[in-house]
Amino acid sequence: MNKMNRRSAIALGVTAATIAPLFATATFGKTKKYGPKEGKEIAPGVRVVEVGTGNSDIPAYKSISIVDAVFQPGASAPATVMDNDMVCTITAGAFTIKKADKEFKLKVGDVYTCSKGKTDEATNTSKEVGIHRIAILIPA
């Protein structure tokens, strides 16, 4: 296991402090109900809805864009190479996430990360509409 140095610890703390308020309403508030045509379809049964964008105080990132990925029951977003680093939380439904080296299950309130250049695949395994709230970190 790699040790975390002081600079990495500070960067992680600043990232968490910056992103936490963006997820607060998604994790603890009611999830917005999206209509069947809201956002842009990226795969059958999967739509992306833009929530907002803000400036970043994290030196490595100029801005943070928040989107909701809305999955119909059983829908899957195919394996895709990530264009940016991202922090994701599940606000509705349950998901199986497949990465190149692992697979795991998530439920409402769980958080995970995606790294630029890595491949992720997501499937809504619940019988309800599932939503990922995603903070996309835009490099400086």
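## A buried salt bridge between β3 and β10

Let's start with a charged pair: Asp-68 and Arg-133 join through their side chains in a salt bridge, with N and O 2.7 Å apart. Asp-68 belongs to strand β3 and Arg-133 to strand β10, so this contact ties together parts that lie 65 residues apart in sequence. Both partners are out of the way of solvent by the usual cut-off: Asp-68 is buried, and Arg-133 is buried too. Please keep in mind that this is a predicted model.

## The other salt bridges

The total count is three salt bridges. One of them pairs Lys-99 with Asp-120, whose closest N and O atoms are 3.1 Å apart. Here, too, distant parts of the chain are linked, since Lys-99 sits in strand β6 (residues 94–99) and Asp-120 in strand β9, 21 residues apart. Are these two residues buried or exposed? Buried means under 20% relative accessible area. Lys-99 has a value of 18%, so it counts as buried, and Asp-120, at 7%, is buried as well.

Asp-110 and Lys-107 form another salt bridge, with a distance of 3.6 Å from N to O. In this pair, Asp-110 is partly exposed, at 21% relative accessible area, while Lys-107 is exposed, at 53%.

## A buried arginine without a salt bridge

Now have a look at Arg-47, which you will find in strand β2. Arg-47 is buried but has no salt bridge. How far away is the nearest side chain of opposite charge? That side chain belongs to Glu-41, and it is 4.4 Å away. A salt bridge needs the nitrogen and the carboxyl oxygen within 4 Å, so a distance of 4.4 Å does not qualify. The side chain of Arg-47 does have a polar atom 3.1 Å from the backbone oxygen of Lys-37.

## The largest pocket

Rolling a probe the size of a water molecule over the atoms shows where empty space is left. In this model, the largest pocket holds about 670 Å³ of space. Its lining is made up of 27 residues, and those nearest the centre are Ile-42, Val-48, Met-82, Met-86 and Ile-134.

What kinds of residues make up the lining of the largest pocket? There are 18 nonpolar residues, along with four polar and five charged ones. Several strands contribute: β1 (40–43), β2 (46–55), β3 (61–71), β4 (76–81), β5 (85–92), β8 (111–114), β9 (119–124) and β10 (130–139) each provide at least two residues of this lining.

Conventions
Residues are numbered from 1 along each chain as its sequence is written. This is a predicted model: local features need pLDDT of at least 70, side-chain atom pairs count only at pLDDT 80 or more; totals for chains, interfaces and linings use all residues. Side-chain values use heavy atoms; hydrogens and water are left out. On a 1 Å grid over the protein atoms alone, a cavity is a set of points where a 1.4 Å probe fits but cannot get out, and a pocket is an open set with protein on both sides within 12 Å along at least five of seven lines; lining residues have an atom within 4 Å of a point. Grid points are joined across faces, edges and corners, and a volume is the space filled by probe spheres set on the points. Helices (H or I, at least four residues) and strands (E, at least two) are DSSP runs, numbered from the N terminus. Ala, Val, Leu, Ile, Met, Phe, Trp, Tyr, Cys and Pro count as nonpolar, Asp, Glu, Lys and Arg as charged, and the others, Gly among them, as polar. Buried means under 20% relative accessible area, exposed over 50%, partly exposed in between (1.4 Å probe, protein chains only). Lys and Arg count as positive and Asp and Glu as negative; His and the chain ends are not counted. A polar contact is a pair of N or O atoms within 3.5 Å; within protein, one must be able to donate a hydrogen and the other to accept it, and residues adjacent in sequence count only if both atoms are side-chain atoms.
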